[in-house]
Amino acid sequence: MNKEIIILADGDFPSHPVPVALLNSGRPIICCDGAAQGLIKREILPVAIAGDMDSLPEKLQLEFSSIIHRSDDQESNDLTKAFMLALQYNPDKIIILGASGKREDHTLGNISLLSYYREITKTSIEMYSDSGIFIPIKEPSFFNFKPGTQISIFSLTPDIKITSYGLKYPTNNVVFDFWWKATLNEVCESPIKIEFSKGRVILFASYNE
């Protein structure tokens with residue numbers, strides 16, 4: 001069993017030292033089809049390539065045919081296809097990279113999918129961009145972030161009530177009817193705690209450099 005597995009999506013290729021270090025860490029990597037070319041150019045080989053293969057050159061499709069998992073299912077995107085494949089490895093954690101950038105609609109779609117992924121598995125999930133980390137939450141959770149870390153909380157459930165501890169600005173009276181309502185917060189005491197009864201919540205933490 002692989003403790004952690006990486007999914008590399010076909011957004012902006014990671015450039016921040018944190019996600020770049022993850023790519024170079026030796027963890028097994030599953031690529032969405034369009035991301036495979038960029039990874040292979042950097043002399044890192046994926047363990048699998050998932051998607052409909054519309055973005056992977058035919059030459060690479062032939063060369064890496066043994067690790068290609070092709071799906072023409074139009075009811076899910078390539079990131080979801082890669083995620084379902086990653087679950088077959090029974091990992092403790094799935095790390096998603098390269099899922100932001102290029103197109104804002106794809107970025108929003110990928111971030112929102114984190115809540116769906118969290119609902120269908122007990123596996124821990126983190127999405128790293130070049131700005132920070134997105135973590136889907138489905139139950140009260142503690143997080144060890146350094147004081148000063150910038151935090152934003154997003155709820156896909158508009159009538160949710162979220163209690164937070166350790167943040168500069170309390171969220172107890174926030175009505176989550178717009179996504180901006182709990183953005184630009186800050187860790188003042190670690191660990192922080194995010195507490196709610198039910199709903200789809202995504203936490204963003206910026207890199208504290």
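At 64% relative accessibility, Leu184 counts as exposed, since the threshold for that class is over 50%. Leu184 belongs to strand S11, and its phi is near 55°, a positive value in a residue other than glycine. The model described here is a predicted one, and every value in this report is computed from it. Most residues other than glycine have a negative phi, and most peptide bonds are trans.

**Backbone exceptions**

The table gathers residues with a positive phi, together with a cis peptide bond.

| Residue | Place | Backbone value |
|---|---|---|
| Glu43 | just after H2 | phi about 60° |
| Met53 | loop between S3 and H3 | phi near 70° |
| Leu184 | strand S11 | phi near 55° |
| Ser190 and Pro191 | Pro191 in the loop between S11 and strand S12 (192–195) | cis, omega about 5° |

Met53, with a relative accessible area of 4%, is buried, because that value is under 20%.

**The sheet**

An open sheet of 10 strands, with mixed pairing, runs in the order S4-S3-S2-S1-S5-S6-S7-S13-S9-S11. Its edges are formed by strand S4 (68–70) and strand S11 (182–186), each of which pairs on one side only. Averaged over the sheet and with direction ignored, neighbouring strands are turned by 20° against each other. S1 and S2 run parallel and are joined by 3 bridges, and Ile6 stands opposite Ile29 in S2.

**Helices on the sheet**

Helix H2 packs on this sheet, where it touches S1, S2 and S3, and its direction makes about 120° with that of S2. Of the 9 residues of H2 (residues 33–41), 7 are buried, so the helix is largely enclosed by the rest of the structure. The buried residues are Asp33, Gly34, Ala35, Ala36, Gly38, Leu39 and Ile40; they pack against strands S1 (4–8), S2 (29–32) and S3 (48–51), and also against helices H1 (17–23) and H4 (78–87). Helix H5 (residues 104–120) lies across strands S5 (93–97), S6 (124–128), S7 (132–137) and S13 (201–206), and runs at about 170° to S6.

**The loop after S3**

Asp52 lies in the loop between S3 and helix H3 (58–63), and Met53 is found in that loop as well. Although Asp52 is buried, it has no salt bridge, and the nearest side chain of opposite charge, that of Lys81, is 4.6 Å away. Because a salt bridge requires the charged atoms to lie within 4 Å, the pair Asp52 and Lys81 does not qualify. A polar atom of the Asp52 side chain does, however, lie 3.1 Å from the backbone nitrogen of Asp54.

How values were computed:
Residues numbered from 1 in each chain as written. Predicted model: local features only at pLDDT ≥ 70, side-chain atom pairs only at ≥ 80, totals over all residues. Heavy atoms only, no water. Buried < 20%, exposed > 50% of the residue type's maximum accessible area, 1.4 Å probe, protein only. Helix = DSSP H or I, 4+ residues; strand = E, 2+ residues; numbered from the N terminus. Contact = heavy atoms within 4.5 Å. Pairing = 2+ DSSP bridges. Axes fitted to C-alpha atoms, helices over the stretch in contact; angles between N-to-C directions. Lys, Arg positive; Asp, Glu negative; His and termini not counted. Polar contact = N/O pair within 3.5 Å; in protein donor to acceptor, adjacent residues only side chain to side chain.
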